[in-house]
Amino acid sequence: MSFEDSGHLLGINVTGMGTYTSVVRPDGSIFGNGQGLSTTADGESVIWTGSGLGKFGPGGSVSYRGMLFYQTNSAKLAALNNACAAFEFETDPSGQTTAKLWEWK
């Protein structure tokens, strides 16, 4: 699966893209791995890799929980270097998504 997104990292507007693969396990849970890139309006970027566990919900919705790991050469995004971010990712039955991130210290 490939996607595009937009949001804020460290209070800075970013747009991004990513790709992940998922496998449905025998118990019905979903395990996924992915990677992507987020870019600021002035062209600075941060890359991420991550893994998560998910489950299917009503009407084709999907809910994931997992961890992302960041790397950047950007001075304004440098606080993300070597950071771990716990995430929640939700997809509703129409395909709309939302994601929330928290730094794990």
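# Why the labels fit

Colleague: Why does Ser-74 count as buried?

Modeller: Ser-74 has a relative accessibility of 7%. Buried means under 20%. The value 7% falls under that cut-off, so Ser-74 counts as buried. Keep in mind that this is a predicted model.

Colleague: Where is Ser-74 found?

Modeller: Ser-74 sits in the loop between strand S5 (62–71) and strand S6 (84–91).

Colleague: What makes Ser-74 a polar partner of the backbone nitrogen of Lys-76?

Modeller: The distance does. A polar atom of the Ser-74 side chain lies 3.3 Å from that nitrogen. A polar contact needs N or O atoms within 3.5 Å, so the pair passes.

Colleague: And how far is the side chain of Ser-74 from the backbone nitrogen of Leu-77?

Modeller: There, a polar atom of the Ser-74 side chain is 3.2 Å from the nitrogen. This value is also within 3.5 Å, so it passes too.

Colleague: Which residues does Ser-74 touch, not counting residues up to four places away in sequence?

Modeller: Glu-44 and Ser-45.

Colleague: How do you know that Asp-42 forms a salt bridge with Lys-76?

Modeller: Look at the closest N and O atoms of the two residues: they are 2.7 Å apart. The cut-off is 4 Å, so this pair is a salt bridge. Asp-42 lies in the loop between strand S3 (30–40) and strand S4 (45–56), and Lys-76 lies in the loop between S5 and S6, so the pair ties together parts that are 34 residues apart in sequence.

Colleague: Is Lys-76 buried or exposed, or something in between?

Modeller: Lys-76 has 36% relative accessibility. Partly exposed covers the range between 20% and 50%. Lys-76 therefore counts as partly exposed.

Colleague: What makes Arg-65 and Glu-88 a salt bridge?

Modeller: Their side chains come to 3.9 Å, N to O. The limit is 4 Å, so the pair qualifies. Arg-65 is in strand S5 and Glu-88 in strand S6, 23 residues apart.

Colleague: How do you know that Arg-65 also meets Glu-90 in a salt bridge?

Modeller: The N to O distance for these side chains is 2.7 Å. That is within 4 Å, so Arg-65 and Glu-90 form a salt bridge. Arg-65 lies in strand S5 and Glu-90 in strand S6, so this pair ties together parts 25 residues apart in sequence. Salt bridges with shared partners join Arg-65, Glu-88 and Glu-90 into one network.

Colleague: Why do Arg-65, Glu-88 and Glu-90 count as partly exposed?

Modeller: Arg-65 has 37% relative accessibility. Glu-88 has a relative accessible area of 29%. For Glu-90 the value is 28%. Each number lies between 20% and 50%, so each residue is partly exposed.

Colleague: How many salt bridges does this rule give?

Modeller: Three.

Colleague: How do the side chains along S6 alternate?

Modeller: Ala-85, Phe-87, Phe-89 and Thr-91 point to one face and are buried. Cys-84, Ala-86, Glu-88 and Glu-90 point to the other face and are not buried. In a regular strand, side chains alternate between the two faces of the sheet.

Colleague: What makes S5 and S6 a pair of strands?

Modeller: Eight bridges join S5 to S6, and the two run antiparallel. Pairing needs at least two bridges, so S5 and S6 pair. Gly-66 stands opposite Phe-87 in S6.

Colleague: How do you know that S6 and S7 pair?

Modeller: By the bridges again. Eight join S6 to strand S7 (residues 97–104), also antiparallel. At least two are needed, so S6 and S7 pair. Ala-85 stands opposite Glu-103 in S7. The hairpin of S6 and S7 has five residues between the strands, and Gly-95 there takes a positive phi near 100 degrees.

Colleague: Why is Arg-25 called partly exposed?

Modeller: Arg-25 has 37% relative accessibility. That lies between 20% and 50%, so partly exposed is the right label. Arg-25 lies in the loop between strand S2 (12–24) and S3. Leaving aside neighbours within four places in sequence, Arg-25 is in contact with Phe-31 and Leu-53.

Colleague: How many helices and strands does the protein chain have?

Modeller: Zero helices and seven strands.

Colleague: What makes the protein chain as compact as a globular protein of that length?

Modeller: The radius of gyration is 14 Å. The globule rule gives 13 Å for 105 residues. The two values are close, so the chain is as compact as a globular protein of that length. Buried residues make up 31% of the 105 residues.

Methods
Residues are numbered from 1 along each chain as its sequence is written. This is a predicted model: local features need pLDDT of at least 70, side-chain atom pairs count only at pLDDT 80 or more; totals for chains, interfaces and linings use all residues. Side-chain values use heavy atoms; hydrogens and water are left out. Helices (H or I, at least four residues) and strands (E, at least two) are DSSP runs, numbered from the N terminus. Buried means under 20% relative accessible area, exposed over 50%, partly exposed in between (1.4 Å probe, protein chains only). A polar contact is a pair of N or O atoms within 3.5 Å; within protein, one must be able to donate a hydrogen and the other to accept it, and residues adjacent in sequence count only if both atoms are side-chain atoms. Contact means heavy atoms within 4.5 Å. The radius of gyration is taken over C-alpha atoms; the globule rule is 2.2 Å times the number of residues to the power 0.38.
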